[in-house]
Amino acid sequence: MPAELIDGTAIAARVRAEVAAEAKLLTERGVQPGLTVILVGDDPASAVYVGAKERASREAGIDGRTIRLPASTTQQELIAHLDRLNADPAVHGILVQSPLPAQISADTVIRRIDPTKDVDGFHPVNVGKMLIGDRDGFLPCTPAGVQEMLRVSGVTTHGKECVVIGRSNIVGKPMAALMLQDVRGANCTVTICHRYTENLARHTRQADIIISAVGRPNLVTADMVKPGAVIIDVGMNRIPDASRKSGTRLVGDVDFDGVREVASLITPVPGGVGPMTIAMLLKNTVRAAQRAIA
Ligand SMILES: NC(=O)c1ccc[n+]([C@@H]2O[C@H](COP(=O)([O-])OP(=O)(O)OC[C@H]3O[C@@H](n4cnc5c(N)ncnc54)[C@H](OP(=O)(O)O)[C@@H]3O)[C@@H](O)[C@H]2O)c1
């Protein structure tokens, strides 16, 4: 029997409805949650993501704003914007959209954001809190969204073998750290695979849960998956497709049709992890506002 789908769009809609209810309560108390996104340059994909974040914020009753800066912006200029937003009590969440132009150091920028407004969860203070299991920080949105999907889908995680493919600071590493925590929806035995992993299939075949965050179509095929495994596909890849008007289509890292015949649960691309990322960003923003008045 083919695997059931984990419907990220539906789960994200529920999270967004909860966020909207909490934002309404806060607004009634005189504090509308505020999220400001800074976009530097004119990368078309970034512009689409930023537009989606602003729209989703507004739909949830969050004061979502975007500061659009030219590609020639200097690091000092960007830092001046961050300092102003850090000091603005109406701004509870700050996000700097990546990628940044070459003259700006992403590390420097992330460190400049007040950790209590770092709703992306990338500041070293929040990364450290996540790692030691201090729930007072912000969790990075994509890994937190994946964990929420597993919880909502009733996936048993404790004691299970979880293989995370990819070790980036924004997805793979925090994803592995979250699945390792001693909390509900985690307690896995975690293996992290990367470019130098020898015999990837040997690891994935042991896994009860595979989370792929690489950016390579068809990296995970049916022969690499244990029957009944749960598959979370974080990858987003544009591949040519002459049947589409755009000439391309979006796929994940997983050979969806093949793997669906072996797995028990699987996320589609699109409509899987993607929608959860924005939902968790909104959730973090409302939490930041709640904290600010606590
Ligand atoms: N759905 C969402 O909301 C969302 C959010 C963020 C990212 N994404 C997508 O998720 C994917 C990963 O994003 P990212 O930012 O983490 O990418 P990244 O920074 O490029 O990291 C990719 C990781 O994959 C590893 N890798 C590359 N080839 C591999 C192979 N053959 N076998 C095993 N591991 C391999 C790399 O290993 P090394 O470290 O050894 O180079 C690296 O750790 C991308 O497709 C991105 O578009 C989706």
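# A guided tour from N187

N187 is a partly exposed residue, with a relative accessible area of 28%. The tour begins there, in a model that is predicted. Select N187 and locate it in the loop between α7 (172-180) and β6. Then read its backbone torsion: phi is about 55 degrees, a positive value although N187 is not a glycine.

**The whole chain**

Zoom out to the full protein before proceeding. The fold comprises ten helices and eleven strands. Along the principal axes, the C-alpha atoms fill a box of roughly 55 × 40 × 35 Å. How does the radius of gyration of the protein relate to that of a compact globule? For 294 residues, a compact globule would have a value near 19 Å, and the protein, at 19 Å, agrees with this.

Colour the residues by accessibility next. Of the 294 residues, 47% count as buried. The protein exposes about 14100 Å², and carbon and sulfur atoms supply 53% of that area. A contact map adds a further view: among contacts with a separation of 6 or more, 69% are accounted for by residues 24 or more positions apart. If the charged side chains are displayed, 33 are positive and 31 are negative. The centres of these two sets lie 1 Å apart.

**T157 and its surroundings**

Select T157, in the loop between α6 (141-152) and β5 (161-165). Is T157 buried or exposed? T157 counts as buried because its relative accessible area is 3%, under the 20% limit. Now display the residues that T157 contacts, leaving aside neighbours within four places in sequence: M179, G185, A186, N187, C188 and I209. The starting point of the tour, N187, is thus one of the contacts of T157.

**The cysteines**

Select the cysteine sulfur atoms. How many disulfides does the count give? The count comes to zero. C162 is in no disulfide, and the nearest cysteine sulfur, that of C188, is 4.7 Å away; a disulfide would require the sulfur atoms to be within 2.5 Å. C193 is likewise in no disulfide; for C193 the nearest cysteine sulfur is that of C162, 10 Å away. In the accessibility colouring, C162 counts as buried at 1% relative accessibility. C193 is also buried, with a relative accessible area of 1%.

**The loop between β6 and α8**

Move on to E198, in the loop between β6 (189-193) and α8 (200-204). E198 is exposed because its relative accessible area is 66%, over the 50% limit. For a distance check, pick the C-alpha atoms of E198 and R249: the two residues are 51 residues apart in sequence and 30 Å apart in space.

Then select N199, which is also found in the loop between β6 and α8. Phi of N199 is near 55 degrees, a positive value in a residue other than glycine. At 47% relative accessibility, N199 counts as partly exposed.

**G121**

The next selection is G121, in the loop between α4 and α5 (124-132). At 2% relative accessibility, G121 counts as buried. Which residues does G121 contact, leaving aside its neighbours within four places in sequence? They are N126, V127, F138, L139 and P140. Add A144 to the view and connect its C-alpha to that of G121: the separation is 9.9 Å in space and 23 residues in sequence.

**Two cis peptide bonds**

The tour closes with the backbone at two proline residues. Select S98 and P99 and read omega across the bond that joins them: the value is about 0 degrees, and the peptide bond is cis. P99 lies in the loop between β4 (93-96) and α4 (106-112).

Finally, select V269 and P270. A cis peptide bond joins this pair, and omega is about 0 degrees. P270 is found in the loop between β11 (265-266) and α10 (273-293).

Notes. Residues numbered from 1 in each chain as written. Predicted model: local features only at pLDDT ≥ 70, side-chain atom pairs only at ≥ 80, totals over all residues. Heavy atoms only, no water. Helix = DSSP H or I, 4+ residues; strand = E, 2+ residues; numbered from the N terminus. Rg over C-alpha atoms; globule rule 2.2 N^0.38 Å. Buried < 20%, exposed > 50% of the residue type's maximum accessible area, 1.4 Å probe, protein only. Contact = heavy atoms within 4.5 Å. Areas by Shrake-Rupley, 256 points an atom, 1.4 Å probe, with all protein chains shown as cover. Lys, Arg positive; Asp, Glu negative; His and termini not counted. Charge placed at Lys NZ, Arg CZ, Asp CG, Glu CD.
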